[in-house]
Amino acid sequence: MFASIRGRYVPAKQLFSIVRAAVPRGRTMLPAAGLISRVNNYHKPARNEAFKRLTKDDLGFFRTIVPSETILATAQVGGTADLIELEGFNADWLNKYQGNSQLVLRPKTTEQVSQILRYCNTHNIAVVPQGGNTGLVGGSVPVHDEIVLSLRNMNKIRSYDELSGILVCDAGCVLEELGNYVGERGHVMPLDLGAKGSCHIGGNVATNAGGIRFLRYGTLHGSVLGLEVVLPDGTVLDNLSTLRKDNTGYDLKQMFIGSEGTLGVITGVSVATPQRPSAVNVAVLGVPSYECVQRAFKLARRRCGEVLSAYEFWDANCMGAVLKHHELKSPLAAEFPFYVLIETSGSNKEHDDEKLGALLEELMEEGIAEDGALAQDDTQIMRMWSMREGIPESLGKTGATYKYDVSIPIPVLYDIVGDIAHRLESASLYKPGDMTRPVKIVCGYGHIGDGNLHLNVVAEKFEDRVTEIFEPYVYEWVASHRGSISAEHGVGLMKRDYLRYSKSPEMIAYMKRIKDLFDPNHILNPYKVI
């Protein structure tokens with residue numbers, strides 16, 4: 001049983017148990033090949049006919065670079081693979097974006113990547129770098145017939161310094177496996193995502209992924225110490241530094257963090273891993289309003305600032321979906337408009353218990369929280385986190401999910417959810433609780449600590465009459481509050497045409513100049529970002 005804190009304060013020493021290891025949480029599974037539906041209800045740019053169409057001669061050359069077993073090629077380009085074998089590379093996991101690549105290359109070394117790109121650049125062949133393909137904006141799949149350059153075979157750990165906690169690894173290493181590796185050595189990865197069982201560290205860096213540890217450890221711009229990057233012409237930029245301080249000229253690695261594979265292909269990563277906390281505490285609270293979500297956060301920072309490691313929130317619609325599809329039981333006795341998960345991580349259990357206990361007592365006494373539960377062991381910590389991390393998958397099981405990852409000032413962060421719901425209701429497309437309407441659920445969840453909201457609209461299917469209600473309205477709304485149209489998912493194909501809502505014309509012009517400098521033929525991840 002979870003330890004309830006409803007209506008009274010129970011001393012922390014009676015409620016908490018020590019957590020001495022990083023707790024692995026559930027994997028996010030990708031759809032199996034053959035089960036992907038082709039839904040292309042999105043703006044698809046016309047194919048750039050300047051790009052060469054693949055021939056058998058091209059395939060013949062690639063076979064001289066990588067082993068046959070690392071190539072998937074259809075009969076159209078001289079191979080023997082069935083197109084269904086390429087579906088897992090051609091479509092994103094939301095079943096929204098679908099390309100038509102006839103060739104997948106899975107190199108094992110940086111030199112092989114270099115030779116592939118050099119050839120493609122010389123012959124003007126478009127290439128899409130791909131990691132775990134867990135992206136949500138269409139950035140990791142082909143738009144047309146680009147070659148898919150999959151990094152999944154580049155999955156080796158190159159070195160690890162247990163004293164400094166600095167990890168050097170291939171870009172195709174799975175985030176969860178890296179977490180397990182450094183966890184056994186007393187450290188943690190500086191980022192944690194619901195998709196960690198599938199996503200690659202190279203893709204995380206290329207999209208500047210955020211996640212639930214952002215509040216404690218910050219952005220990858222600070223955690224990544226060095227990169228190995230192959231440029232479109234095959235040049236290898238070897239900047240796999242393990243130094244925390246290097247003030248010699250331009251910090252070129254920053255150009256590739258968040259570049260979404262449009263400037264170069266990341267093949268190696270050097271990252272600083274923090275010391276693993278020896279004491280972890282987790283509580284879930286039921287709160288009556290979004291105002292109370294904010295008040296609780298303000299108090300949490302004041303009372304637990306140095307040990308506060310996560311502060312997540314979600315609304316009642318999210319909770320209903322995750323409890324249903326994951327067959328979970330709420331740790332709280334009643335339902336609430338909003339839920340908050342608070343995690344503390346430190347090295348002194350008694351100290352941390354005392355601080356969190358005092359916070360929970362004050363939240364209850366002030367009426368900010370109306371009910372709550374404290375995890376008493378590792379299993380309960382995992383179950384509490386599974387409620388938050390299981391939300392995206394649960395919504396995806398409910399229907400076609402429109403996802404908007406935005407940064408908005410915290411005081412108005414949740415306002416957009418009600419605004420979008422109202423617009424859909426006015427169009428007779430949505431009614432709360434009525435699952436027979438074209439739109440089933442409108443909900444929001446996210447990371448309060450960094451002002452990041454995940455707005456989700458779950459519909460029966462992707463269709464224009466639904467999309468037109470909130471695109472480009474969502475981006476206009478965000479821009480009017482001086483927010484960002486992408487907090488952590490990137491721009492990809494989905495938001496390319498809306499970049500102007502977050503970047504000025506001058507900034508976009510310079511982004512294009514940078515693209516021209518690194519990739520003058522525009523062969524890398526075309527049609528994306530700008």
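Tyr 250 counts as exposed because its relative accessibility is 79%, and exposed means over 50%. Keep in mind that this is a predicted model. The residue sits in the loop between β9 (236–239) and α8 (253–256). What does Tyr 250 make together with Leu 252, Met 255 and Ile 514? The four of them form a nonpolar surface patch of about 430 Å².

Now for the backbone. Most residues other than glycine have a negative phi, and most peptide bonds are trans. Here are two residues that go the other way on phi, neither of them a glycine:

| Residue | Phi | Relative accessibility |
|---|---|---|
| Glu 327 | positive, about 50° | 74% |
| Val 529 | positive, about 70° | 9% |

Where do they sit, and are they buried or exposed? Glu 327 is in the loop between α10 (316–325) and β13 (338–346). With 74% relative accessibility, Glu 327 counts as exposed, since the cut-off for that is over 50%. Val 529 belongs to the segment after α17 (505–518). At 9% relative accessibility, Val 529 counts as buried, because buried means under 20%.

And which peptide bond is cis? That would be the one from Glu 471 to Pro 472, with omega near 10°. Pro 472 itself lies in the loop between α15 (464–470) and α16 (473–480).

Conventions:
Residues are numbered from 1 along each chain as its sequence is written. This is a predicted model: local features need pLDDT of at least 70, side-chain atom pairs count only at pLDDT 80 or more; totals for chains, interfaces and linings use all residues. Side-chain values use heavy atoms; hydrogens and water are left out. Patches are made of residues with over 30% relative accessible area and no salt bridge: like charges are joined within 9 Å, nonpolar side chains (Val, Leu, Ile, Met, Phe, Trp, Tyr) within 5 Å. Accessible areas come from the Shrake-Rupley method with a 1.4 Å probe; for residues, only the protein chains shown count as cover. A salt bridge is a side-chain nitrogen of Lys or Arg within 4 Å of a carboxyl oxygen of Asp or Glu. Helices (H or I, at least four residues) and strands (E, at least two) are DSSP runs, numbered from the N terminus. Buried means under 20% relative accessible area, exposed over 50%, partly exposed in between (1.4 Å probe, protein chains only).
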